[in-house]
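Hi,

Here's the structure I promised to pass on. Have a look at it first, and then read on for what turned up.

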Amino acid sequence: MQIDYEAELNPEQYEAVTQVEGPLLIIAGAGSGKTRVITFRMAYMLEKGIPQHSILALTFTNKAAKEMSERVRGIVKRKLQNLTVSTFHAFGVKILRKEIHALGYKDNFSIYDEADRTQLIKDCAREQGFRMEGFDAFKVGNLFSQIRSEQRPWSKADDSYRGLYDEYRRSLRIYNAVDFDDLIVLPIEIFSLHPEVAAEWRAHYRYLMIDEFQDTSLQQYKLMRLMSDRNVCVVGDDDQSIYSWRGANYENLMQFERDFPDLREIKLERNYRSTATILDAANAIIANNENRKAKALWSPGGAGGSPIELYSPEDDAAEAEFIARMIKELKLKDRVPWGEFGILIRTNNLTRRIEESLLAEQVPYRVSGGTSFYGRKEIKDVISYLRVIANPDDDVNLLRIVNTPRRGIGKTTIEKLTAIARSHDASIRTAMELVRTGAALRSEGGADAAGRAGHEDFALSGSGPGDSASGLAFGGLSEKAVADVAAFLDLVEGYREALLGHKRIAAKVRQLVDEIDYWAYLIEENKQSEKAAKWKFHNLEILIQSIEDWEKDPDNLSPGLYEWLNRVSLITRDDLSDDEGGEVNLMTIHAAKGLEFEVVFIAGCEDGIIPHARSLEEGEGNLEEERRLFYVAVTRARRRLLISSCLRRRKQNQVLDCVPSPFLQEIPPELLQACAGESEFSEEEGEAQFGKLMAMFGGAEEAGGGPSPG
């Protein structure tokens, strides 16, 4: 069935969809149908005879990639198994699985997440002689990430960490592991060192599209340039660039224009999400930024929409109570589903009061940014087993599970194994194998046999004539310790053979959990609460079931252990959210980007919070980013926007007077309605605050003091 693109799209969208050849810059304003344009553009290319395998679309979350894939399939009514829609990092893994040998790695490399990276940095710091008291491995990891991704150069203040950085990078190589930064940096290295390899990938993916281009980092831009020839389309909005702290560089839009001077630029300014009132407010706010492309969102529905409601609660407790009560009232009165409410905050430390009030009012809610499913200890333990089975040289994960559940391989044994590994410049797993082999040789032919087999250092280290009397078996380890090490190796090697067979991974993982008796371990670790142990074991059942579902997915053409581990490594917190829509959404403004809700509350809209004082201290350009962040918050609302600015707020056991956010002054007064929430403050305080608001907004006529929320 042929698609009538002109009927499906507005004129600007149609132009963007049908412009296939040559460089294209699409400036897509909030709510302008960006994903629709990208997916219809892919459908159009397929209809014009461009092969699936020639198209590559890159985005930032697995959720966005999945949504795009499903929507394209829905448009063309085909399976499209050869179409590549991927996150940047997942595509980096795809390149490395095929090409990493060019840099001297083995194909079965592990991908270290943030927790793995932090642990390895701690291990390296101990070896380098750092004082561990007060050592912040997480902070050091962020420094290393910034250096690796070229967000910043080394400075004099960082000199003490240069040696640690080198040791961290060296350890990754020894363990045949990469971190998340490497998923972008290493493909760039491969393509730069081997232009013929880059040419092969360019020839394969002749049509490249990049979503959320304003969020790309310098490294991601470099990878794009190495991958692209002429047919590259980037889609973004400089007004929604809010991730500079994690490397996003909105100036990539300007760099793209410099690199492709003959590009075509198309602006999408029709907003299909919000009322005209909300759009007028958003346009007025963002117009105060100087470093931006001129654009103005407008609604095809014309003028209209209720005013933006501004509330001034007595304090943060009253603010939280007001939000919870208002949500319940709108749910009953206007029949707004729970999932259509968004409560947006600038920082996570504002959640506690709001959570307490939502609980008190029995409002179902979820907080984005809590401990993710894959971040829970019991889940990480089992995944660590699977990572060690897939890559036995992965010391970080091996150390996590070598004595979990306890199997007699304690701290002393680990220290001796670590010393052996260091002396051989090898992994701990290799040290374990040396100990097992050496002990077996010694038992068969004595210390001389061990020496002849290449274990002279062990023969001299606690395996001489006095060993029997001292109870040492080999390498300074007791017979029991060697037996425990051998049993662990046997376990890992046995499951390695079983799990790399690409069949029934879930069943074998369940068998592994039973064999190590993880249930007994949970009971021991949760003596005060068998309910907690049951809950954690239930999480493992959910994990195993998810593996089984993944294996049975007909679209999954390669259901192997490596592929599953890669997938888990790339899952982010954003991708783990419940999609059923049955809960109020409490989240930071950053987490809300890309989402929309019928009703939005922006809480804590006070100077020092929005814009955030610490952010402004870190750089001159941050005021514009803070304004972009507020703009993103405002444009999440479809029909109703409520903003609260407290009279006072408790900070570090002090109650401080608050001043409304200066960004509120940038909203035209006629778009605002100052309101009083139910019993929020005394009549005198209410009159004083309304007087303050009237002065701020030039005496807006819409201001009123009644309790009505709507």
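A quick word on classes before the pocket: Ala, Val, Leu, Ile, Met, Phe, Trp, Tyr, Cys and Pro count as nonpolar, Asp, Glu, Lys and Arg as charged, and everything else, Gly included, as polar. Also keep in mind that this is a predicted model.

With those classes, the lining of the second largest pocket splits into 14 charged, 13 nonpolar and 7 polar residues. The pocket itself has a volume of about 900 Å³. It is lined by 34 residues, and Q119, D123, R126, L399 and I414 are the closest to its centre. Which elements give two or more residues to that lining? They are α6 (114-127), α8 (162-174), α17 (395-401) and α18 (411-423). The largest share comes from α6, with 10 residues.

Now for the sheet. It is an open one, built from 7 strands with parallel pairing, and the order runs β11-β14-β10-β15-β16-β9-β19. At the edges sit β11 (365-367) and β19 (672-675), each pairing on one side only. From one strand to the next, the twist averages 20°.

If you want a spot to zoom in on, try β10 (residues 341-345) and β14 (residues 584-588), which pair in the parallel sense over 4 bridges. There, I343 of β10 stands opposite L586 in β14. Helix α15 (residues 351-360) packs on the sheet and touches β10, β11 and β14. The direction of α15 makes about 160° with that of β11.

Over to you!

Conventions: Residues are numbered from 1 along each chain as its sequence is written. This is a predicted model: local features need pLDDT of at least 70, side-chain atom pairs count only at pLDDT 80 or more; totals for chains, interfaces and linings use all residues. Side-chain values use heavy atoms; hydrogens and water are left out. Two strands pair if DSSP finds at least two bridges between them. Axes are lines fitted to C-alpha atoms, for helices over the stretch in contact, and angles run from 0 to 180 degrees between N-to-C directions. Contact means heavy atoms within 4.5 Å. On a 1 Å grid over the protein atoms alone, a cavity is a set of points where a 1.4 Å probe fits but cannot get out, and a pocket is an open set with protein on both sides within 12 Å along at least five of seven lines; lining residues have an atom within 4 Å of a point. Grid points are joined across faces, edges and corners, and a volume is the space filled by probe spheres set on the points.
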